[in-house]
Number of protein chains: 6
Amino acid sequence: MDSNKLTPSEVLIDALEYIKKFRDQIFVIKFGGEVMVDEKVLDAVAEDLLLLRYVNIKPVVVHGGGGEISAAMDKFGKKPHFVKGLRVTDEETMDIVQMVLAGKLNNDIVASVNKHGGHAVGISGKSAKLFSAEKVANEEDVDLGFVGEITEVNADLVRTLVEKGYIPVISPIGIAADGSSLNINADVAASKLAVELKASKLILLTGVEGVLSKEGKLIKSLTSEEAGNLIASGVAKAGMIPKLTECIYAIKHGVPKAHIIKAKKHSILEEIFTSEGTGTMVEEK
Amino acid sequence: MDSNKLTPSEVLIDALEYIKKFRDQIFVIKFGGEVMVDEKVLDAVAEDLLLLRYVNIKPVVVHGGGGEISAAMDKFGKKPHFVKGLRVTDEETMDIVQMVLAGKLNNDIVASVNKHGGHAVGISGKSAKLFSAEKVANEEDVDLGFVGEITEVNADLVRTLVEKGYIPVISPIGIAADGSSLNINADVAASKLAVELKASKLILLTGVEGVLSKEGKLIKSLTSEEAGNLIASGVAKAGMIPKLTECIYAIKHGVPKAHIIKAKKHSILEEIFTSEGTGTMVEEK
Amino acid sequence: MDSNKLTPSEVLIDALEYIKKFRDQIFVIKFGGEVMVDEKVLDAVAEDLLLLRYVNIKPVVVHGGGGEISAAMDKFGKKPHFVKGLRVTDEETMDIVQMVLAGKLNNDIVASVNKHGGHAVGISGKSAKLFSAEKVANEEDVDLGFVGEITEVNADLVRTLVEKGYIPVISPIGIAADGSSLNINADVAASKLAVELKASKLILLTGVEGVLSKEGKLIKSLTSEEAGNLIASGVAKAGMIPKLTECIYAIKHGVPKAHIIKAKKHSILEEIFTSEGTGTMVEEK
Amino acid sequence: MDSNKLTPSEVLIDALEYIKKFRDQIFVIKFGGEVMVDEKVLDAVAEDLLLLRYVNIKPVVVHGGGGEISAAMDKFGKKPHFVKGLRVTDEETMDIVQMVLAGKLNNDIVASVNKHGGHAVGISGKSAKLFSAEKVANEEDVDLGFVGEITEVNADLVRTLVEKGYIPVISPIGIAADGSSLNINADVAASKLAVELKASKLILLTGVEGVLSKEGKLIKSLTSEEAGNLIASGVAKAGMIPKLTECIYAIKHGVPKAHIIKAKKHSILEEIFTSEGTGTMVEEK
Amino acid sequence: MDSNKLTPSEVLIDALEYIKKFRDQIFVIKFGGEVMVDEKVLDAVAEDLLLLRYVNIKPVVVHGGGGEISAAMDKFGKKPHFVKGLRVTDEETMDIVQMVLAGKLNNDIVASVNKHGGHAVGISGKSAKLFSAEKVANEEDVDLGFVGEITEVNADLVRTLVEKGYIPVISPIGIAADGSSLNINADVAASKLAVELKASKLILLTGVEGVLSKEGKLIKSLTSEEAGNLIASGVAKAGMIPKLTECIYAIKHGVPKAHIIKAKKHSILEEIFTSEGTGTMVEEK
Amino acid sequence: MDSNKLTPSEVLIDALEYIKKFRDQIFVIKFGGEVMVDEKVLDAVAEDLLLLRYVNIKPVVVHGGGGEISAAMDKFGKKPHFVKGLRVTDEETMDIVQMVLAGKLNNDIVASVNKHGGHAVGISGKSAKLFSAEKVANEEDVDLGFVGEITEVNADLVRTLVEKGYIPVISPIGIAADGSSLNINADVAASKLAVELKASKLILLTGVEGVLSKEGKLIKSLTSEEAGNLIASGVAKAGMIPKLTECIYAIKHGVPKAHIIKAKKHSILEEIFTSEGTGTMVEEK
């Protein structure tokens with residue numbers, strides 16, 4: 001059925017059912033670089049976040065920022081270096097990561113929401129020890145430096161903000177036992193936070209329409225087992241692998257549904273409030 | 001009377017009186033660059049903040065960061081330029097300001113507090129529209145760029161954090177109507193916030209012992225009128241002028257006491273909990 | 001603009017704005033005989049009431065029942081007799097009125113809602129003295145008998161039911177000082193109740209599309225002054241006169257908007273949640 | 001001991017003990033046709049209900065109405081037909097049952113209480129799905145029609161009304177899965193509701209003084225076993241059998257005491273507040 | 001009408017009306033020496049206090065103790081000395097007064113109530129500064145010593161106890177600014193406390209039936225003006241004068257009714273819960 | 001380390017740690033005769049109680065009074081008589097005990113606290129049946145009379161007072177089933193109350209510095225086992241034996257720490273808020 005052929009009443013009836021279903025629930029939404037690179041996209045997505053609050057859905061944003069970090073390092077005259085997909089992060093690089101994520105991108109998202117009101121609150125994962133972390137082990141004898149793995153999620157602050165009607169916007173920076181900052185993967189941070197918050201949905205906003213089949217067709221729905229097979233069989237590639245991995249993680253740990261959808265105008269609303277949706281939904285069989 | 005000659009019981013009795021007096025009250029504490037430049041000082045001050053929470057005093061931190069900003073600009077190959085003491089702030093400079101303040105310094109303060117627990121929460125003045133602002137007028141026909149004046153303080157978020165037991169750590173960045181960031185003077189942000197929060201104290205941590213008389217002696221207590229005279233007569237100089245100005249502002253708008261004290265180990269505690277104090281206190285006659 | 005040409009997203013955006021606007025507000029909806037005469041219409045309207053509750057709108061139903069009363073009188077071998085549009089109501093007739101309204105029609109509406117859940121609660125205006133009333137004066141020297149005018153509305157019971165998530169369904173029977181039942185006009189009961197409850201809307205469901213102009217075209221929007229003129233000029237006729245009169249009364253006493261719409265599938269939803277609407281809306285200029 | 005010989009103080013002391021004991025507890029009181037046939041009796045009983053509320057006892061009324069139903073059927077030209085004591089109830093008869101119970105008798109009781117205040121709220125068992133029911137099986141190959149058995153009692157609405165200080169007055173009409181009305185025995189409805197509400201007492205108001213022994217003497221107190229024996233031995237006859245059956249049911253399911261007393265002026269008060277009582281009390285040994 | 005001729009139902013109906021009227025209200029009851037001199041009387045009165053709590057009336061007891069004090073002084077070899085009816089109270093005498101009132105009599109009353117439960121809590125007027133007082137001026141050049149007048153009533157403690165379901169039992173000892181104890185007249189303490197607590201009744205328990213007329217007949221009801229006339233005309237004599245004076249004081253300051261009744265079994269209940277009463281009631285015309 | 005050599009800051013830091021630790025906790029403090037015999041000591045201790053309330057510590061006082069009782073008996077011409085350390089208490093003696101404890105000493109303590117505010121509330125153990133008790137068995141065939149052992153502690157009243165910010169001051173008088181008063185050992189009453197209240201500390205104020213070793217040196221810290229050994233080995237003598245016994249009892253029943261310290265100016269504060277303390281602390285190993 002094509003939702004464009006629904007009458008307004010039918011759209012309404014559908015939407016009302018979903019609104020009832022998701023009322024008072026938390027959605028964790030991860031913004032990839034694609035959201036932030038284009039101000040129009042960011043503004044459209046911000047508008048959708050506000051609309052979710054109208055019907056008492058509680059969005060929580062975790063953002064990434066790979067591209068901007070490399071650009072900033074370039075300005076500082078530093079060359080990005082990766083080992084097994086992980087950025088080697090010396091102390092100066094960590095300062096840059098932190099400045100770009102918590103200083104620039106976080107404030108950009110907050111600004112985009114708040115020019116229509118005061119709902120967004122930007123924090124880093126160090127605040128209230130949201131993401132306690134420790135350094136990852138060396139890879140190939142290379143000290144990866146300030147790259148961290150989350151050891152504990154303390155989401156009380158996020159719950160407080162959400163209950164008070166705010167939209168938390170979170171930079172994925174962890175805090176080590178000695179207080180130092182650690183660089184955390186944003187997809188991982190989002191899925192762990194979704195689990196801790198008992199969110200109803202994990203939504204990963206990306207630059208593509210969703211997960212594609214071997215034939216290059218959008219897959220609308222996947223079980224976590226099928227998602228695993230896509231990775232194993234090599235159909236899912238590159239950046240889609242960690243996304244599917246985190247969707248599987250979230251679902252295995254109690255989040256009912258995870259979505260991979262394209263960051264564009266109203267794509268969140270269409271995914272949530274229409275039976276057809278717009279991207280790929282992963283759920284347990 | 002020299003408080004070093006008090007017996008422990010006398011120190012206790014004094015302290016208990018002050019603890020009773022300040023219970024459940026908010027202190028706005030401004031960290032100047034001197035606090036953050038030395039990790040030992042920062043750690044000592046952070047420890048004091050936690051001790052204040054033990055006795056139900058509610059500290060709120062606003063931080064500055066002039067020195068670090070100039071250093072970062074230097075790395076980016078930009079030269080600081082000031083007109084009448086105000087930093088000319090083009091868009092790229094504003095990005096740097098924001099990255100240094102909200103990205104680096106804010107997270108450093110949060111880390112220093114949170115390695116002993118999870119009490120600090122770092123936010124910028126854009127979150128929840130804490131500091132709505134607009135651009136200042138040109139000075140000497142020079143467009144100062146992204147330098148802002150606070151037009152409205154919306155402290156609901158800060159109140160929520162404080163009530164929940166957190167210590168807010170605030171970067172002085174304002175949000176313009178179009179969502180863009182504006183550079184706000186930290187002393188001004190601290191005094192306006194103190195007024196809005198009906199704080200009991202505004203405490204400015206600096207690099208010097210307090211306000212000095214013409215003879216170079218520490219002045220322990222000043223009325224706001226006397227503070228004004230020190231400025232008018234030229235005894236107060238340079239960086240002390242805006243500090244005294246903000247103390248006077250706070251006091252004229254209902255904050256009972258304002259303090260200028262040196263950032264060092266336990267100086268906050270000694271100022272608050274002993275009758276002698278350590279720096280300069282300004283109050284209405 | 002034709003709302004059938006809106007994309008689903010546009011319908012959603014519109015609807016979300018209205019949902020935000022009307023959240024937690026009370027709508028008083030009057031069911032005319034046209035709603036109850038056709039079980040399919042009744043079921044469709046009942047479904048809409050449940051959908052309103054999904055988004056925290058609080059519907060309160062007042063129903064009439066002229067046709068059914070006359071039919072029942074006929075069965076009892078009594079002939080309806082009207083003076084100036086008011087039914088002459090002797091004691092036996094009042095018994096029949098009460099039995100049809102509170103015994104039959106009220107239970108039919110409750111059943112239609114409750115087969116999908118347990119939200120509807122049927123009461124008469126005698127319960128908790130919802131509608132205190134006294135007999136109207138004679139007309140043309142005819143004792144109209146048990147025909148009443150509302151002297152006081154005590155809506156505490158209705159508020160309690162609404163707060164607990166129930167949908168009150170109210171038969172317009174008043175209670176006299178001596179406890180006897182009085183026959184109350186349902187449009188009047190609905191508008192007085194809307195005023196007392198500070199409802200956001202009074203919605204009169206009828207058998208026609210709305211108010212028609214002299215040219216027989218649906219008028220989508222009217223000020224209360226224009227509504228008065230339609231009555232004065234004779235354009236509004238017969239049954240539409242008391243409906244417009246009660247819309248004007250409600251609006252003059254603080255209800256922001258009153259609607260006259262056709263009782264049919266989803267007409268309530270379309271009137272409330274789309275900018276175009278389906279019937280006639282009356283509001284202060 | 002004859003309570004008429006007690007001094008006023010002794011009556012008071014007794015009453016105060018009972019008032020303490022029953023404070024904040026629910027009594028389910030069933031009104032038989034005898035209460036409603038005589039307006040003076042109804043008014044006297046209504047007054048007692050109000051007095052119970054003065055001392056924070058919470059009466060809930062369930063009413064029957066056999067006689068009135070037959071009279072109304074007669075007016076409609078229909079002949080009552082019974083199989084094994086159950087009224088054969090075709091659709092038209094069910095309409096009449098509903099109109100008499102929920103339309104007339106319920107409103108009469110509400111009126112009698114509310115002319116002294118606004119405490120009574122009349123509802124049918126269809127409201128908020130209070131009595132979910134299904135049709136009883138055929139008896140002697142006769143389709144009994146709309147005669148129902150309670151399958152579930154949902155008393156949330158009743159609890160809400162009682163907590164808010166109202167006196168619920170309930171017509172024993174059940175709601176089937178398809179929303180249709182089913183005729184429910186009032187004694188059964190009262191005892192099932194008493195059990196669901198964890199009432200302290202089930203009180204059946206009848207036309208006789210209480211249960212009589214073989215010798216025709218009033219039995220003041222019975223165990224449930226003795227009550228069963230009275231039925232088995234044929235001493236209890238006709239209408240007393242279902243009353244005793246429901247008393248036994250209530251007691252077996254946790255209601256501490258069940259009473260069968262004559263509907264007359266202050267008989268409820270005397271039964272509750274004096275040690276002697278006026279009718280028959282059934283309790284577990 | 002003789003309440004002994006009322007049927008139990010009539011007694012009940014009367015009582016229920018009063019119970020409704022006085023629910024949740026405070027009665028201040030003063031125990032004279034007559035209550036405490038006879039253990040049987042004390043026990044009967046204690047039982048009545050408990051019965052009042054059953055129906056949510058909140059008794060507060062203030063007790064006197066003249067006779068016992070003189071007896072104790074005698075044991076200590078001290079001779080009572082009075083000037084204008086006021087006991088000359090040197091420091092040793094004050095110690096005796098305090099020991100007899102707060103040490104012995106207060107504990108006796110508490111014991112009498114508490115052997116039936118734990119409702120009574122004995123305190124002196126020094127606790128929580130219930131009765132702040134200062135020494136009265138000399139009379140006839142005699143220093144009356146530790147005789148005090150109440151300067152402030154701080155009844156927060158009493159309210160707390162009453163709200164928690166306790167029956168406060170209060171010894172009329174005042175606290176001076178320097179912490180010393182002052183002897184306070186119990187009738188005065190009771191009437192001032194009744195005013196401060198906004199009590200519904202002040203009840204003075206005495207050794208006589210009530211106020212007598214010139215002819216020696218019990219007066220059942222008096223206005224405050226008539227009470228004043230009885231004092232002025234000399235009909236009221238000796239101990240009745242201060243009692244009437246305090247009744248008038250209480251009534252002039254907002255206590256609706258004051259009672260003077262004989263301390264005997266159930267006299268409090270009969271005065272409160274029957275329309276006839278047992279002693280003298282004073283109220284504004 | 002000598003706390004007199006601490007700087008004020010160090011004293012403060014120490015104190016703040018303890019204040020945090022003990023916030024909202026109850027300390028039961030027993031006043032021996034030494035506190036009450038000297039008004040200056042009593043005033044100094046009272047001041048400390050108020051200071052504890054400043055930092056939300058909740059002191060509860062139980063007092064003794066052996067010396068005063070004997071003195072009062074002497075005045076009444078009665079000779080104290082002891083069997084195995086227990087005072088033989090005939091009815092007249094019990095009256096004197098009660099008058100001295102609840103009448104005199106309790107009011108003296110209350111006065112000492114309340115001349116600085118209204119925080120103290122004096123009660124006996126009979127109020128609200130705080131200490132239910134029964135007579136102890138005969139010793140050496142002597143009827144000890146009104147000497148009691150606590151059979152139940154009902155501390156609801158004390159909890160209420162403490163929550164409302166009051167400082168309860170309790171006379172150790174028990175209530176027997178028949179309401180009569182029983183003489184209770186104050187150390188025992190204090191330790192049982194500490195256990196019931198789940199107090200953090202039991203503090204026994206005495207006339208000596210603390211527990212002394214065989215060599216006559218103050219022992220600063222003891223395990224309960226070591227405390228038992230001191231009794232068994234005869235090092236602890238006379239009045240110290242019951243004190244140590246009650247410290248052991250409290251600790252065995254969940255009170256973390258028990259202290260025996262000298263009643264003098266600020267000794268309570270120094271024991272609680274400095275790491276060195278002033279007397280002997282008993283705790284589980």
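**Exercise 1. Polar links between two chains**

Task: In this predicted model, how many residue pairs are in polar contact between chain D and chain C, and which elements of chain D give two or more residues to that side?

Solution.
- Step 1: Start with the count. Between chain D and chain C there are 14 residue pairs in polar contact, with both residues at pLDDT 80 or more.
- Step 2: Now look for the elements on chain D's side. Helix H5 (91-114), strand S5 (120-124) and helix H6 (156-163) of chain D each give two or more residues to the side that touches chain C.
- Step 3: Check who gives the largest share. That is H5(D), with 12 residues.
- Step 4: Sort the residues on this side of chain D by kind: 15 are nonpolar, 11 polar and 10 charged.
- Step 5: Add the salt bridges. The count between the two chains is three. You can find a salt bridge between the side chains of C:Lys104 and D:Asp95, at 4.0 Å from N to O.

**Exercise 2. Sizing up the contact**

Task: What area is buried between chain D and chain C, and which residues of chain D lose the most?

Solution.
- Step 1: Pick a yardstick. Interface size is often given as the accessible area lost when the parts come together.
- Step 2: Read off the value. About 3,000 Å² is buried between chain D and chain C, and carbon and sulfur atoms give 60% of that.
- Step 3: Find the top contributors in chain D. D:Phe76, D:Met99 and D:Asn107 lose the most area to chain C, together 17% of what that side buries.
- Step 4: Count who takes part: 36 residues from chain D and 37 residues from chain C.

**Exercise 3. Finding the symmetry**

Task: What turn lays chain D on chain C, and why do the copies meet through the same surface?

Solution.
- Step 1: Try the superposition. A turn of 180 degrees, with a shift of 0.0 Å along the axis, lays chain D on chain C with an RMSD of 0.0 Å.
- Step 2: Name it. This is the relation of a two-fold axis.
- Step 3: Locate the axis. In chain D, the nearest C-alpha is that of D:Gly103, 1.9 Å away from the axis.
- Step 4: Compare the interface residues. 100% of those in chain D are also interface residues in chain C, so the copies meet through the same surface.

**Exercise 4. One residue in chain C**

Task: Is C:Val35 buried or exposed?

Solution.
- Step 1: Place the residue. C:Val35 sits in helix H2 (residues 33-37) of chain C.
- Step 2: Apply the cut-off. Buried means under 20% relative accessible area. C:Val35 has 0%, so C:Val35 is buried.
- Step 3: See what surrounds it. Leaving aside neighbours within four places in sequence, C:Val35 is in contact with C:Val41, C:Leu42, C:Val45, C:Leu205 and C:Ala263.

How values were computed. Residues numbered from 1 in each chain as written. Chains lettered and ligands numbered in written order. Predicted model: local features only at pLDDT ≥ 70, side-chain atom pairs only at ≥ 80, totals over all residues. Heavy atoms only, no water. Least-squares fit on C-alpha atoms with pLDDT ≥ 70 in both. Contact = heavy atoms within 4.5 Å. Helix = DSSP H or I, 4+ residues; strand = E, 2+ residues; numbered from the N terminus. Buried < 20%, exposed > 50% of the residue type's maximum accessible area, 1.4 Å probe, protein only. Buried area = accessible area lost by both parts, 1.4 Å probe. Polar contact = N/O pair within 3.5 Å; in protein donor to acceptor, adjacent residues only side chain to side chain. Nonpolar A, V, L, I, M, F, W, Y, C, P; charged D, E, K, R; others polar.
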